[in-house]
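Subject: Structure for you to look at

Hello,

Here is the structure I said I would pass on. Please open it alongside this message.

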Amino acid sequence: MSATEIISEIKKLPQAQQRKIYRFVDEELCRAEDRQDNAAAARALAEPGENIPWAEARKRLGWA
């Protein structure tokens, strides 16, 4: 079943059920983003080197 077919089927549902589906999908997307963010943070923390304040990092990157 294609995404277009799934969306078409969702649109046929009552609004209350549509909202539940949209809420579920939103929560799953948030969880996936959190997993990616946590993995990136773990990689960053595993890198060698000193920790520097955010203000200093911004200066080094030319953002300040």
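Below is what was found in it, going from the overall shape to single side chains.

The model is predicted, not experimental. Its mean pLDDT is 95, and 100% of the residues reach 70 or more. Broken down by element, helix α2 has the highest mean pLDDT, at 97, while helix α3 (residues 54-61) has the lowest, at 94.

Overall shape

The secondary structure consists of three helices and zero strands, which gives the pattern α-α-α along the sequence. The C-alpha trace spans about 55 × 25 × 20 Å along its principal axes. The radius of gyration is 21 Å, whereas a compact globule of 64 residues would have one near 11 Å. Buried residues account for 5% of the 64 residues. The accessible surface is about 5900 Å², and carbon and sulfur atoms contribute 56% of that area.

Salt bridges

The count comes to three salt bridges.

- Glu-9 pairs with Lys-12, with the closest N and O atoms 3.0 Å apart. Glu-9 is classed as partly exposed because its relative accessible area is 39%. Lys-12 stands at 59%, so it counts as exposed.
- Glu-28 and Arg-31 form a salt bridge with an N to O distance of 2.7 Å. The two residues are three apart in helix α2, which means that about one helical turn separates them. Glu-28 has a relative accessible area of 32% and is therefore partly exposed. Arg-31, at 41%, is partly exposed as well.
- Arg-60 and Glu-56 form a salt bridge at 3.2 Å, N to O. Both residues lie in helix α3, four residues apart, or about one turn of the helix. Arg-60 is exposed because its relative accessible area is 55%, and the cut-off for exposed is over 50%. Glu-56 has 30% and is partly exposed.

Aromatic side chains

How many aromatic pairs does a search of the whole structure find? The search finds one. Trp-54 and Trp-63 form this pair, with 6.1 Å from centre to centre and 70° between the planes, an edge-to-face arrangement. Trp-54 and Trp-63 are both exposed.

Nonpolar surface

Phe-24, Val-25 and Leu-29 make a nonpolar patch of about 290 Å² on the surface. Val-25 belongs to helix α2, which runs over residues 15-46. Is Val-25 buried, exposed or partly exposed? Val-25 counts as partly exposed because its relative accessibility is 40%, and the partly exposed class lies between the 20% limit for buried and the 50% limit for exposed.

To go through it on screen, helix α2 is one place to begin: Val-25 of the nonpolar patch is found in this helix, and so are Glu-28 and Arg-31. Helix α3 could come next, with the salt bridge between Arg-60 and Glu-56. The pair of Trp-54 and Trp-63 can then be viewed for its edge-to-face geometry.

Regards

Technical notes. Residues numbered from 1 in each chain as written. Predicted model: local features only at pLDDT ≥ 70, side-chain atom pairs only at ≥ 80, totals over all residues. Heavy atoms only, no water. Patch = residues over 30% accessible without salt bridge, like charges linked within 9 Å, V, L, I, M, F, W, Y side chains within 5 Å. Areas by Shrake-Rupley, 256 points an atom, 1.4 Å probe, with all protein chains shown as cover. Salt bridge = Lys/Arg side-chain N within 4 Å of Asp/Glu carboxyl O. Buried < 20%, exposed > 50% of the residue type's maximum accessible area, 1.4 Å probe, protein only. pLDDT = per-residue confidence, 0-100. Rg over C-alpha atoms; globule rule 2.2 N^0.38 Å. Phe/Tyr/Trp six-rings, centres within 6.5 Å; stacked < 30°, edge-to-face > 60°.
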